[in-house]
Amino acid sequence: MSQVDNVTSPHRWDTNGVLKWLQKTEPQLFQLYGELFVKHDVCGIVLMQLSDNQLLEMGVTDPTHRIEILHQSMRLQIKYEIFCVKLLQKNINISSESTVNSN
């Protein structure tokens, strides 16, 4: 099993995964909007593609709350992409070392 198998991509999260993330990162916003995320079936793919307009249409009327949700979503996306790049880099280094050692 590779390291990437042990980490679930946010894109694969169901609504419960998104709710856990929201509760952990923004407990106050979870209290205010958790039910809206369930009502609108916000899974990981949807979370990563949310726009300010979509949040407004969902019922997140406070602009500072929309900005914070979008900010945290972008941070999550970047954090996961950095993890993937580091893992890829590590695998490339291991592959290079194997090639050098076999020669």
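User: Why is D41 counted as exposed?

Analyst: The relative accessibility of D41 is 51%. A residue is called exposed when its relative accessible area is over 50%, so D41, at 51%, counts as exposed. The value is computed from a predicted model.

User: Where does D41 sit in the chain, and what is notable about its phi?

Analyst: D41 belongs to the loop between helix 2 and helix 3, the latter covering residues 44–49. Its phi is near 50 degrees, a positive value in a residue other than glycine. This backbone angle occurs just after helix 2.

User: What makes T15 buried or exposed?

Analyst: T15 has 12% relative accessibility. The cut-off for a buried residue is under 20%, and T15 therefore counts as buried. T15 lies in helix 1, which spans residues 15–25.

User: Which residues does T15 touch, leaving out those up to four places away in sequence?

Analyst: T15 touches F37, V38, D41, V42 and C43. Of these partners, F37 is one of the buried residues of helix 2, while D41 is in the loop between helix 2 and helix 3.

User: How is the span of helix 2 set against the expected value?

Analyst: Helix 2, residues 27–39, has 13 residues and reaches 18 Å from its first C-alpha to its last. The expected span is 1.5 Å times one less than the number of residues, and for helix 2 that expectation is 18 Å, to which the computed span is close.

User: What bend is found in helix 2, and where is it centred?

Analyst: Helix 2 has a kink of about 60 degrees, centred on Y33. The bend at a residue is the angle between axes fitted to the seven residues ending there and the seven starting there. Y33 is also among the buried residues of helix 2, together with L29, G34, L36 and F37.

User: Why is the pair R66 and D52 called a salt bridge?

Analyst: The side chains of R66 and D52 meet at 2.7 Å, N to O. The criterion is a side-chain nitrogen of Lys or Arg within 4 Å of a carboxyl oxygen of Asp or Glu, so the R66–D52 pair, at 2.7 Å, qualifies. The pair links distant parts of the chain, with R66 in helix 5 and D52 in helix 4 (residues 52–58), 14 residues apart. The structure holds 1 salt bridge. As a general point, side chains of opposite charge can pair when their charged atoms come close.

User: How are R66 and D52 classed, as buried, partly exposed or exposed?

Analyst: R66 has 9% relative accessibility, so it counts as buried. D52 has a relative accessible area of 34%. Since partly exposed covers the range between the 20% and 50% limits, D52 falls in that class.

User: What class does P63 fall into, and how far is P63 from D52?

Analyst: P63 is partly exposed, because its relative accessible area of 44% lies between the two limits. P63 lies in helix 5. P63 and D52 are 11 residues apart in sequence and 8.3 Å apart in space, C-alpha to C-alpha.

User: How do you know whether I69 is buried or exposed?

Analyst: I69, in helix 5, has 1% relative accessibility and therefore counts as buried. Leaving aside neighbours within four places in sequence, I69 is in contact with W21, L29, Y33, F37, L55 and V60. Of these, L29, Y33 and F37 are among the buried residues of helix 2. The C-alpha atoms of I69 and F30, 39 residues apart along the chain, are separated by 9.9 Å.

User: Why is Q72 called buried, and which residues does Q72 touch?

Analyst: Q72 has 11% relative accessibility; as buried means under 20%, Q72 meets the criterion. Q72 lies in helix 5. Not counting residues up to four places away in sequence, Q72 touches W21, T25 and E26. Q72 and E26 are 46 residues apart in sequence and 8.5 Å apart in space, C-alpha to C-alpha.

User: Which residues make the nonpolar surface patch?

Analyst: M74, I78 and I82 make a nonpolar surface patch of about 300 Å². M74 is in helix 5, residues 63–102.

User: How many helices and strands does the chain have, and what share of its residues is buried?

Analyst: The chain has 5 helices and 0 strands. Of its 103 residues, 31% count as buried. The chain exposes about 7200 Å², of which carbon and sulfur atoms supply 54%.

Definitions and conventions: Residues are numbered from 1 along each chain as its sequence is written. This is a predicted model: local features need pLDDT of at least 70, side-chain atom pairs count only at pLDDT 80 or more; totals for chains, interfaces and linings use all residues. Side-chain values use heavy atoms; hydrogens and water are left out. Patches are made of residues with over 30% relative accessible area and no salt bridge: like charges are joined within 9 Å, nonpolar side chains (Val, Leu, Ile, Met, Phe, Trp, Tyr) within 5 Å. Accessible areas come from the Shrake-Rupley method with a 1.4 Å probe; for residues, only the protein chains shown count as cover. Helices (H or I, at least four residues) and strands (E, at least two) are DSSP runs, numbered from the N terminus. Buried means under 20% relative accessible area, exposed over 50%, partly exposed in between (1.4 Å probe, protein chains only). Contact means heavy atoms within 4.5 Å.
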